[in-house]
Amino acid sequence: ILFQIFDAFKSRLHDSNSKVNQVALETMHRMIPLLKDNLSPVINMLIPAMVDNNLNSKNPGIYAAATNVIQALCQHLDNYLLLQPFCTKAQFLNGKAKQDMTEKLA
């Protein structure tokens, strides 16, 4: 059931409406401490949805919300769950997003 919920939620994480996108990121930020490692089945689906466009967003609210989500992931999830998806994102992103993901990996 967790997969079904987050499968529906992930499209809001990169919604074309910036307000919807930002609220989804802020909501994700609040959910991470509650769910912690229970997110492991969906983390490979969520990380691309959270970082692909959001870490390179010119909208300061979306960028801040995305960086807060990444920080919450690092604080509340076991690092081994994040290593592979972060490496993949750092390898294929560009610009500020690549720099942010590389710093998190380091």
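Biologist: Why is Asp7 called partly exposed?

Modeller: In this predicted model, Asp7 has a relative accessibility of 37%. Buried means under 20% and exposed means over 50%, so with 37% Asp7 counts as partly exposed. Asp7 lies in helix α1.

Biologist: Thanks! What makes Arg12 and Asp15 a salt bridge?

Modeller: Their closest N and O atoms are 2.8 Å apart. The cut-off is within 4 Å, so the pair qualifies. Side chains of opposite charge can pair when their charged atoms come close.

Biologist: How do you know whether Asp15 is buried or exposed?

Modeller: Asp15 has a relative accessible area of 17%. Buried means under 20%, so Asp15 is buried. Its partner Arg12, at 37%, counts as partly exposed.

Biologist: And what makes Asp52 and Lys89 a salt bridge?

Modeller: Here the closest N and O atoms are 2.7 Å apart, and the limit is within 4 Å, so this pair counts too. Asp52 lies in the loop between α3 and α4, while Lys89 is in helix α5, so the pair ties together parts that are 37 residues apart in sequence.

Biologist: Why is Lys89 called buried?

Modeller: Lys89 has a relative accessible area of 13%, and buried means under 20%, so the name fits. Asp52 has 31% and is partly exposed.

Biologist: How many salt bridges does the structure hold?

Modeller: Four. One of them joins Asp100 and Lys96, with the closest N and O atoms 3.1 Å apart. Both residues lie in helix α6, four residues apart, about one turn of the helix.

How values were computed:
Residues are numbered from 1 along each chain as its sequence is written. This is a predicted model: local features need pLDDT of at least 70, side-chain atom pairs count only at pLDDT 80 or more; totals for chains, interfaces and linings use all residues. Side-chain values use heavy atoms; hydrogens and water are left out. Helices (H or I, at least four residues) and strands (E, at least two) are DSSP runs, numbered from the N terminus. Buried means under 20% relative accessible area, exposed over 50%, partly exposed in between (1.4 Å probe, protein chains only). A salt bridge is a side-chain nitrogen of Lys or Arg within 4 Å of a carboxyl oxygen of Asp or Glu.
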